[in-house]
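Q: I would like a close look at one part of this model, taken slowly and with its surroundings built up step by step. Please start from a single residue and work outwards until the whole fold is in view.

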Amino acid sequence: MQLFLMRHGEAGYQAHSDRERTLTDTGRYHTSVMSNWLAKSVVEFDLVLVSPYLRAQQSWQEVSKHFPEPRKWLVLDELVPSGDPATAADLTLAYAQQYKADKVLVIAHMPLLGYMVSELVAGTEPPLFATSGVTLIDKHCESATLVWQHAPHTIS
């Protein structure tokens, strides 16, 4: 299974709550740039899991313009910034197994994503994710490898 972990695009701070923060124009642009870059090597996602926060939902809207409709996509309340990384990682793997997904995209937040990488790839320190950044984890049976991590500024 290829697991793509993506941080939402840059978001503004003019909102009533953290949950309601929206993408900036730069956030939309960088998410589109990353999606376009990703679409050169990934034809489609079987499963997409998205945070319920508005900026993550808007990031998925941008990403979805570059890919065919996934077989399944779900909003998971566990994919919030303060979510438990072990639970988020376990749920991601359980849904991937349930839907027999080979290519899975998760759109969520820091610090959750960094800690999820540590949960999924033994012995890996939690990496930082730039906004719109994507990390690829290759998972086979019990073995998982961090293949690459890119951000809008590293792909141009």
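Does T135 count as buried or exposed, and why?

A: The model is a predicted one, and the values below are computed from it. T135 counts as buried, because its relative accessibility is 0%, where the limit for that class is under 20%. The residue belongs to strand β5, which covers residues 134-140.

The surroundings of T135 can be described through its contacts. Once the neighbours within four places in sequence are set aside, T135 touches L3, F4 and L5, together with V117, F129, L146, W148 and Q149. One of these partners, Q149, is also joined to T135 by a polar contact between the two side chains, at 3.1 Å.

The contacts with F4 and L5 lead to strand pairing. Strands β1 and β5 run antiparallel to each other and are paired through five bridges, and within this pairing F4 has L136 of β5 as its bridge partner. F4 also has a bridge partner in β4, namely L105, while L5 stands opposite V106 in that strand. The pairing of β1 with β4 is parallel and consists of six bridges. Strand β4 is in turn paired with β2 (residues 47-50), again in the parallel sense, over four bridges, and V50 is matched there with I107 of β4. Five of the six residues of β4 are buried, so this strand is largely enclosed by the rest of the structure.

Side chains in a regular strand alternate between the two faces of the sheet. With that in mind, the two nonpolar cores are worth considering in turn. The largest nonpolar core has 24 residues, of which L5, L79, V106 and I137 touch the most other members. Two or more residues of this core come from each of β1, β2, α3, β4 and α4, and the greatest contribution, five residues, is made by α4. Another core, of 18 residues, lies apart from that one and includes F4, V48, V50 and L136. F4 and L136, a bridge pair between β1 and β5, are thus both among the members of this other core, whereas L5 is one of the residues with the most contacts to other members in the largest core. In soluble globular proteins, nonpolar side chains tend to be buried together.

L5 deserves a separate word, since T135 is one of its contacts. Beyond four places in sequence, L5 touches V106, L113, M116, V117, L120 and F129, and also G133, V134, T135 and I137. Several of these partners belong to helix α4 (residues 112-120), where L112, L113, G114, M116, V117 and L120 are buried. The buried residues of this helix pack against β1 (2-7), α3 (85-98), β4 (103-108), β5 and β6 (143-150). V117, one of the buried residues of α4, is itself in contact with T135.

For comparison within β5, one can turn to K139, which is also placed in that strand. K139 counts as buried because its relative accessibility is 15%. Its contacts, again without neighbours up to four places away in sequence, are M1, L93 and A144. A polar atom of the K139 side chain lies 2.7 Å from the backbone oxygen of C141. Between K139 and V121 the sequence separation is 18 residues, and their C-alpha atoms are 8.7 Å apart.

A contrasting case is S41, found in the loop that links α1 (25-38) and β2. S41 counts as exposed because its relative accessibility is 56%. S41 and V75 are 34 residues apart in sequence, with 25 Å between their C-alpha atoms.

Finally, the whole fold. The protein has five helices and six strands, arranged from the N terminus in the order β-α-β-α-β-α-β-α-β-β-α. Of its 156 residues, 48% are buried. Among contacts with a sequence separation of 6 or more, 71% are between residues 24 or more positions apart. The radius of gyration is 14 Å, which agrees with the value near 15 Å that a compact globule of 156 residues would have. Along the principal axes, the C-alpha atoms fill a box of roughly 45 × 30 × 30 Å. The exposed surface comes to about 7700 Å², of which 50% is supplied by carbon and sulfur atoms.

Key:
Residues are numbered from 1 along each chain as its sequence is written. This is a predicted model: local features need pLDDT of at least 70, side-chain atom pairs count only at pLDDT 80 or more; totals for chains, interfaces and linings use all residues. Side-chain values use heavy atoms; hydrogens and water are left out. Buried means under 20% relative accessible area, exposed over 50%, partly exposed in between (1.4 Å probe, protein chains only). A polar contact is a pair of N or O atoms within 3.5 Å; within protein, one must be able to donate a hydrogen and the other to accept it, and residues adjacent in sequence count only if both atoms are side-chain atoms. Contact means heavy atoms within 4.5 Å. Two strands pair if DSSP finds at least two bridges between them. A nonpolar core is a set of buried Ala, Val, Leu, Ile, Met, Phe, Trp, Tyr and Cys residues joined through side-chain atoms within 4.5 Å. The radius of gyration is taken over C-alpha atoms; the globule rule is 2.2 Å times the number of residues to the power 0.38. Accessible areas come from the Shrake-Rupley method with a 1.4 Å probe; for residues, only the protein chains shown count as cover.
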